[in-house]
Amino acid sequence: MVEWVRLELDVGGFDDAAFEPYLEQAREAGITFTTMAVLGDSAQHHRALYELNKACSADIPERGEFYTYDAYIAERIEVPSFDPAGVVLATHDEAWIGMSSSSLHPGKGYAVSEMTGVLAPYRGRGLSLALKLLAIRFVRAAGYRRLVTIHHPRNASAIAMNRRLGFADRTD
Ligand SMILES: CC(C)(COP(=O)(O)OP(=O)(O)OC[C@H]1O[C@@H](n2cnc3c(N)ncnc32)[C@H](O)[C@@H]1OP(=O)(O)O)[C@@H](O)C(=O)NCCC(=O)NCCS
């Protein structure tokens with residue numbers, strides 16, 4: 001049986017200033033940060049998000065086959081918790097190169113960090129930290145204190161990324 005790694009961040013206690021340099025550094029390298037809400041919650045952008053998510057998810061251990069496009073739309077976009085403002089994107093030369101999506105769950109009292117991914121050529125330079133800083137700001141601005149996520153135990157880079165941001169083991 002897989003022992004999933006369940007993590008959570010106290011958004012109220014998150015230290016933005018410690019991660020702002022990653023945002024600055026990426027901007028200086030010509031990377032732009034935006035959201036699906038700003039770019040437009042359109043069919044064309046849903047397709048681009050699908051392609052980016054699919055490319056990044058290929059490196060998640062034990063992920064298995066990715067959704068078909070129709071299934072992705074039905075299960076990840078056309079759901080009540082999808083919020084285009086919660087889809088943070090990194091672009092370079094107009095190509096989408098990174099994402100961090102979060103969903104809000106008022107009934108449960110927490111937000112979920114759904115998927116963070118960076119295309120392979122852009123990894124290892126703090127881009128995920130910049131994306132998650134913006135995702136955490138979205139969650140905080142929506143009034144949430146808890147941001148939770150779950151990883152396969154073999155996804156060492158994702159677990160390390162979240163621990164680096166201050167995520168700790170979930171206790172509930
Ligand atoms: C996980 C992922 C988003 C990290 O993106 P990235 O931009 O390369 O990560 P960063 O350069 O911002 O690194 C942030 C921290 O993550 C950890 N990390 C990143 N890559 C790592 C690796 N290969 N091994 C171990 N730790 C790693 C480190 O703690 C790092 O901080 P540090 O360099 O200060 O020690 C990227 O590897 C990816 O897209 N993986 C495939 C998709 C995935 O598994 N997503 C998570 C599931 S939602």
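Modeller: Let's begin with a term: a residue is near a molecule or strand if one of its heavy atoms lies within 4 Å of it. This is a predicted model, where local features need pLDDT of at least 70 and side-chain atom pairs count only at pLDDT 80 or more, while totals for chains, interfaces and linings use all residues. Residues are numbered from 1 along each chain as its sequence is written, and side-chain values use heavy atoms, with hydrogens and water left out.

Biologist: Thanks! Which of the 22 residues around the ligand come nearest?

Modeller: Thr116, Gly124, Gly126, Ser128 and Arg164 do. The shell divides into 9 nonpolar, 8 polar and 5 charged residues; here Ala, Val, Leu, Ile, Met, Phe, Trp, Tyr, Cys and Pro count as nonpolar, Asp, Glu, Lys and Arg as charged, and the others, Gly among them, as polar.

Biologist: Which elements each supply at least two residues of that shell?

Modeller: Helices (H or I, at least four residues) and strands (E, at least two) are DSSP runs, numbered from the N terminus. Here you can look at strand S5 (110-118), helix H5 (127-141) and helix H6 (156-165).

Biologist: How do I read polar contacts, and what lies 2.7 Å from an oxygen atom of the ligand?

Modeller: Between ligand and protein, a polar contact is a pair of N or O atoms within 3.5 Å. An N or O atom in the side chain of Ser128 is the one at 2.7 Å. Backbone N or O atoms also lie by ligand oxygens: one of Val118 at 2.9 Å and one of Leu127 at 3.4 Å. The ligand taken alone exposes 920 Å², of which the protein buries 73%; these areas come from the Shrake-Rupley method with a 1.4 Å probe.

Biologist: And how are the strands arranged in the open sheet?

Modeller: Two strands pair if DSSP finds at least two bridges between them. This sheet has 7 strands in the order S2-S3-S4-S5-S6-S1-S7, with mixed pairing. Its edge strands, S2 (32-35) and S7 (168-169), each pair on one side only.

Biologist: How many bridges join S1 to S6?

Modeller: There are 6, and strands S1 (residues 5-10) and S6 (residues 146-151) run antiparallel. Val5 stands opposite His151 in S6. S1 also pairs with S7 in the antiparallel sense, over 2 bridges, with Leu7 opposite Asp169.

Technical notes
A polar contact is a pair of N or O atoms within 3.5 Å; within protein, one must be able to donate a hydrogen and the other to accept it, and residues adjacent in sequence count only if both atoms are side-chain atoms.
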